[in-house]
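Me: I would like to learn how to read a protein model step by step, beginning with a single residue and then widening the view. Could you take me through it?

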Amino acid sequence: MGGHQDGDKASRIARDVVLNALRTLTGKESEQQIIELLGQAMKEAGAEISRLLPGTGAGTTAIVAVTILRPDGTPRIMLANAGDSRAYIRSPGPDGLLEP
């Protein structure tokens with residue numbers, strides 16, 4: 001919510017809450033546990049913004065990506081978003097470069 005009152009503060013709060021949640025990962029979690037952790041972290045970020053910046057209407061948008069390796073060695077990317085932030089998937093073209 002760029003430009004909104006205290007949006008910069010709200011962004012930092014959300015970043016810190018989500019990073020703290022990600023730091024709890026051990027690498028042994030199931031995909032479902034990671035999905036739940038990301039969802040909970042986003043909810044906690046919103047609650048923390050409301051608690052620390054009461055009455056300001058401050059908020060933020062966010063996108064978080066977590067990459068894990070499945071047991072067969074293939075990568076999996078899991079995304080969580082808040083607000084209207086988007087992630088775009090890009091595929092390698094014939095020359096190996098990423099293209100839209």
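Me: Leaving aside its neighbours within four places in sequence, which residues is Arg76 in contact with?

Reply: Please keep in mind throughout that this is a predicted model. To read contacts, one looks for residues whose heavy atoms come within 4.5 Å of each other. For Arg76, once the neighbours within four places in sequence are set aside, the contacts are Glu31, Val66, Thr67, Ile68 and Arg70.

Me: Where is the place of Arg76 among the elements of the chain, and how many helices and strands does the chain have?

Reply: Arg76 has its place in strand S2, which covers residues 75-82. The chain as a whole has two helices and four strands, and, read from the N terminus on, the order of these elements is α-α-β-β-β-β.

Me: Is Arg76 buried, exposed or partly exposed?

Reply: One compares the relative accessible area with two cut-offs, since buried means under 20% and exposed means over 50%, with partly exposed in between. Arg76 has a relative accessible area of 28%, and therefore counts as partly exposed. Across the chain, buried residues make up 27% of the 100 residues.

Me: In which sense do S1 and S2 pair, and over how many bridges?

Reply: S1 and S2 pair in the antiparallel sense, and eight bridges join them. One of the bridge partners can be picked out by name, for Ala62 is matched with Ala82 in S2. The hairpin that S1 and S2 form has five residues between the strands, and in this hairpin Gly73 takes a positive phi near 90 degrees.

Me: Which residues of strand S1 lie on its covered face, and which on its uncovered one?

Reply: In strand S1, which spans residues 62-69, the covered face holds Ala62, Val64, Val66 and Ile68, whereas Ile63, Ala65, Thr67 and Leu69 are on the uncovered face. Val66 and Ile68 from the covered face, and Thr67 from the uncovered one, also appear among the contacts of Arg76.

Me: How should I read the overall dimensions, and what radius of gyration does the chain have?

Reply: A helpful habit is to set the value beside that of a compact globule: for 100 residues the radius of gyration would be near 13 Å, but this chain has 16 Å. Taken along the principal axes, the box that the C-alpha atoms fill is roughly 50 × 35 × 15 Å.

Me: How many positive and negative side chains does the chain have?

Reply: There are 11 positive and 12 negative side chains, and the centres of these two sets lie 3 Å apart.

Technical notes:
Residues numbered from 1 in each chain as written. Predicted model: local features only at pLDDT ≥ 70, side-chain atom pairs only at ≥ 80, totals over all residues. Heavy atoms only, no water. Rg over C-alpha atoms; globule rule 2.2 N^0.38 Å. Buried < 20%, exposed > 50% of the residue type's maximum accessible area, 1.4 Å probe, protein only. Lys, Arg positive; Asp, Glu negative; His and termini not counted. Charge placed at Lys NZ, Arg CZ, Asp CG, Glu CD. Pairing = 2+ DSSP bridges.
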